[in-house]
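User: I should like to work through this model by question and answer. Please reason briefly each time and finish on the value or name requested.

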Amino acid sequence: MTTQTRVAEQKQSSVSPGKQLSRLLSNMGPLLVFLIMFAILWILSPAFRSPTSLSLLLLETAAIAIAAAGQTYVIMIGGIDLSVEAMVSFSGVVSAILIAGTNIAGGQMANGIPAIYAILIAVSAGLLIGLFQGSLITWFRMNPLIVTLGFRSILLGISLVWTNGAGININRTGVLEVITDRIPLFDRWNIPVPFLIALGIFAISWVVLRQTRFGRHTYALGNNSEEAARLSGININRVKIIIYGISGTLAAIAGVLVMARLRSGAYQNGTNLTLMTVAAVVIGGTPLTGGKGGVWGTMVGVFIIRIVEQGMVYLSVPSNAKEIVLGIIIVLAVMLDVIRQGEVPWLRLRRGSTES
C-alpha cells in the first residue's frame with residue numbers, strides 16, 4: 001500500500017458519519033427528490049400509472065434533455081446559452097420548410113428535399129451558429145449573456161418572418177417516422193425512440209466529459225479558474241468555441257425532434273426551453289459558476305421539471321399556473337445552487353467547513 005493511498009484512507013476515515021451523510025444527500029439529493037415526487041404522483045393519480053402516461057413522460061423529456069445536455073457544457077465553463085429555445089424553433093422551422101418545400105402554412109405536401117438532408121442542414125446550421133457565438137464570445141471578449149440573448153432575438157425573428165407566424169406542417173414519413181417511433185417492451189409498455197436518442201447523447205457526453213482531455217479542460221475552465229487553465233497550457237479559446245458549437249448542435253437536434261413529433265415547424269416550438277434547461281442543469285448539481293457537475297444530474301433535473309408539469313395536469317391544477325410553477329422552480333434552483341456553494345453563512349455550509 002502506497003503512502004498516498006494510506007493518507008487518502010486516513011482522510012476518508014476522519015470524516016464524521018454526519019458529514020458523509022451530508023455529502024451523500026448532496027450528491028444524491030436531486031435523484032431522491034425525483035423519486036419522492038414520482039412516488040407521490042404515482043399514489044395520488046391513477047391516470048399517471050398508465051403505460052401511456054409514462055411513455056409520454058419519456059417522450060416529452062427527450063428534447064428538453066438533449067437541449068439541456070448542451071446547456072450543461074456551457075454552464076460547466078461558467079457561461080450560459082440563452083439562445084437555446086430560439087435554436088430549437090429555428091432548426092425546426094428550417095427543416096420543416098426544406099421538407100415541405102414551402103413556407104406557406106397549412107400544406108402538408110412533402111415537395112421539398114428528403115427529410116434526412118433537411119435534418120442534416122438544420123443541425124449543421126445549429127453547429128455553425130453555435131461556433132459563431134463562441135467565436136464572438138472568445139475573440140471579441142463579449143459577454144456570453146449578451147451574445148446569446150442577441151442571437152435568441154435574431155433566430156426567433158428569422159423563424160417568425162419565414163413562417164409568417166404560422167406553423168409549417170409536414171408529412172411524417174421515412175426518417176421522421178423512425179426517430180419518433182416507439183419500441184415495444186412488454187404488453188402495452190414501450191419506449192419512445194427520441195428518449196433512446198437522448199440516452200445515447202448523454203452517454204457520449206458523459207464519456208467526453210469524464211474520459212477525454214477535452215472534458216478535463218472543460219471542467220478546468222469552470223469555477224473562475226480560466227486564468228489558471230490558460231497558464232497550465234489549455235487552449236481556452238478553442239474549448240469555449242467548441243462548447244458553444246456543441247450547445248448549438250444539441251439544441252438543433254432537439255428542435256428537429258420537436259418538429260417531427262408535432263409534425264410542424266413553428267417559431268413557438270422552443271418556448272420556455274432556455275429556462276427549463278438552465279433550471280435542469282442547476283437542479284442536477286452543476287453550479288452556475290461551473291467547474292463540477294455532470295450530464296446525468298441534468299437528466300434528473302429534467303425529469304424533476306417534467307414530473308412537476310405532468311403532476312399539475314393529473315392533479316387538475318389550472319394550466320395558467322404553469323408559468324408560475326416554472327418561475328418558482330427557477331428561483332428554487334438558483335437558491336439551491338447558492339446553498340450548495342456555501343454562500344449562506346447562517347446555514348454554516350461554507351465549503352471550507354464541509355470539506356474539512
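User: Which residue with a positive phi follows helix 13, and what is the value of that phi?
Analyst: In this predicted model, helix 13 covers residues 295-314. The residue with a positive phi that follows helix 13 is S316, and the angle is near 60°.

User: What span does helix 13 reach from its first C-alpha to its last?
Analyst: Helix 13 has 20 residues, for which 28 Å is expected at 1.5 Å a residue. The span in the model is close to that expectation, at 28 Å.

User: How many of the residues of helix 13 are buried?
Analyst: A residue counts as buried under 20% relative accessible area. Helix 13 is largely enclosed by the rest of the structure, because its buried residues number 17 of 20.

User: Is F303 buried or exposed?
Analyst: F303 lies in helix 13. Its relative accessibility is 12%, and the limit for a buried residue is under 20%. F303 therefore counts as buried.

User: The structure holds nine aromatic pairs. What is the geometry of the pair F34 and F303?
Analyst: The two ring centres are 5.3 Å apart, with 45° between the planes. The pair links distant parts of the chain, F34 in helix 2 (residues 17-44) and F303 in helix 13, 269 residues apart. Both F34 and F303 are buried. The pair is classed as tilted.

User: What is the geometry of the pair F195 and F303?
Analyst: Here the centres lie 6.0 Å apart and the planes meet at 70°. Planes over 60 degrees apart fall in one class, so the pair F195 and F303 is edge-to-face.

User: How far apart in sequence are the parts that the pair F195 and F303 ties together?
Analyst: F195 is itself buried, with a relative accessible area of 9%. F195 belongs to helix 8 (residues 193-211) and F303 to helix 13, so the parts tied together are separated in sequence by 108 residues.

User: Which residues do ring pairs link into a cluster with F303?
Analyst: F303 pairs with F34 and also with F195. Ring pairs link F303 into a cluster with F34, F38, W42, F48, F195 and Y314.

User: Which residue just after helix 4 takes a positive phi?
Analyst: Helix 4 spans residues 84-100 and reaches 24 Å, close to the 24 Å expected for its 17 residues. It is mostly covered, with 16 of its 17 residues buried. Just after this helix, a positive phi of about 75° is found at G101.

User: Is helix 4 parallel or oblique to helix 12?
Analyst: The axes of helix 4 and helix 12 (residues 273-283) come within 6 Å and cross at roughly 130°. That angle makes helix 4, relative to helix 12, oblique.

User: Which residues of helix 12 meet helix 4?
Analyst: The residues of this contact divide into three nonpolar, two polar and one charged. On the side of helix 4, the participants are V84, E85 and V88. Their partners in helix 12 are L273, T274 and T277.

User: Which residue in the loop between strand 4 and helix 12 has a positive phi although it is not a glycine?
Analyst: Most residues other than glycine have a negative phi. In the loop between strand 4 and helix 12, a positive phi of about 75° belongs to a residue that is not a glycine. This residue counts as buried at 15% relative accessibility, and it is N272.

User: Is R263 buried or partly exposed?
Analyst: R263 is found in the loop between helix 11 and strand 4. Its phi is positive, near 60°. With a relative accessible area of 43%, R263 is partly exposed.

User: Which residues does S264 contact, leaving aside neighbours within four places in sequence?
Analyst: S264 is placed in strand 4 (residues 264-265). S264 counts as buried at 12% relative accessibility. Its contacts beyond those neighbours are G167, I168, N169, I170, M259 and N269.

User: What separates the C-alpha atoms of G167 and L262?
Analyst: G167 lies in the loop between helix 6 and strand 1, and it is partly exposed, with a relative accessible area of 21%. G167 and L262 are 95 residues apart along the chain, yet their C-alpha atoms are separated by 9.9 Å.

Key:
Residues numbered from 1 in each chain as written. Predicted model: local features only at pLDDT ≥ 70, side-chain atom pairs only at ≥ 80, totals over all residues. Heavy atoms only, no water. Helix = DSSP H or I, 4+ residues; strand = E, 2+ residues; numbered from the N terminus. Expected span 1.5 Å × (residues − 1). Buried < 20%, exposed > 50% of the residue type's maximum accessible area, 1.4 Å probe, protein only. Contact = heavy atoms within 4.5 Å. Axes fitted to C-alpha atoms, helices over the stretch in contact; angles between N-to-C directions. Parallel < 35°, antiparallel > 145°, perpendicular 65-115°, else oblique. Nonpolar A, V, L, I, M, F, W, Y, C, P; charged D, E, K, R; others polar. Phe/Tyr/Trp six-rings, centres within 6.5 Å; stacked < 30°, edge-to-face > 60°.
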